[in-house]
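Visitor: Please take one part of this model and go through it closely. I would like the burial, the packing and the contacts in one connected account.

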Amino acid sequence: MDTRARIAWNLRHHRSAQKLTQEVLAVDARVDRTVISDLEGGKYNVSIDLLDRLADALSIDISQLFSIPSPGDRPQPMKAGRKPKA
């Protein structure tokens, strides 16, 4: 697993573990939702500044975005679509 794929996997893992949508994380990190989607898809390199904002939004240390996942460990899928307004 290369570094870009590792960051993508860890970003999705931490986001889904906290049951955050891409949209909520994007707002908290001050980026567009498509940036989160593209990062989780491993489509482009991310800046250190953005990694720092993402880690802050997830309340994790930035180093956790670089950790090596355990074999067979996968983020839990979330239901598709937006949550209905109350």
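Guide: What follows is a look at helix α2 and at the loop before it. This is a predicted model, in which local features need pLDDT of at least 70 and side-chain atom pairs count only at pLDDT 80 or more, while totals for chains, interfaces and linings use all residues. Residues are numbered from 1 along each chain as its sequence is written, and side-chain values use heavy atoms, with hydrogens and water left out. The mean pLDDT (the predictor's confidence in each residue, from 0 to 100) of the chain is 88, and 85% of its residues reach 70 or more. Helices here are DSSP runs of H or I with at least four residues, numbered from the N terminus.

Helix α2 spans residues 22-29, and its buried residues are Gln22, Leu25, Ala26 and Ala29; buried means under 20% relative accessible area, exposed over 50%, and partly exposed in between, with a 1.4 Å probe and protein chains only. These four cover an arc of only 100° around the axis, which puts them on the same side of α2; the arc is that of the directions from the helix axis to the C-beta atoms. An α-helix has 3.6 residues a turn, so residues three or four places apart point the same way. The buried residues of α2 pack against α1, α3 (33-40) and α4. Just after α2, Arg30 takes a positive phi of about 60°.

Gln18 lies in the loop between α1 and α2 and is partly exposed, with a relative accessible area of 35%. Leaving aside neighbours within four places in sequence, Gln18 is in contact (heavy atoms within 4.5 Å) with Leu58 and Ile60. The side chain of Gln18 reaches the backbone oxygen of Leu58 at 2.7 Å.

Note on methods
Helix = DSSP H or I, 4+ residues; strand = E, 2+ residues; numbered from the N terminus. Polar contact = N/O pair within 3.5 Å; in protein donor to acceptor, adjacent residues only side chain to side chain.
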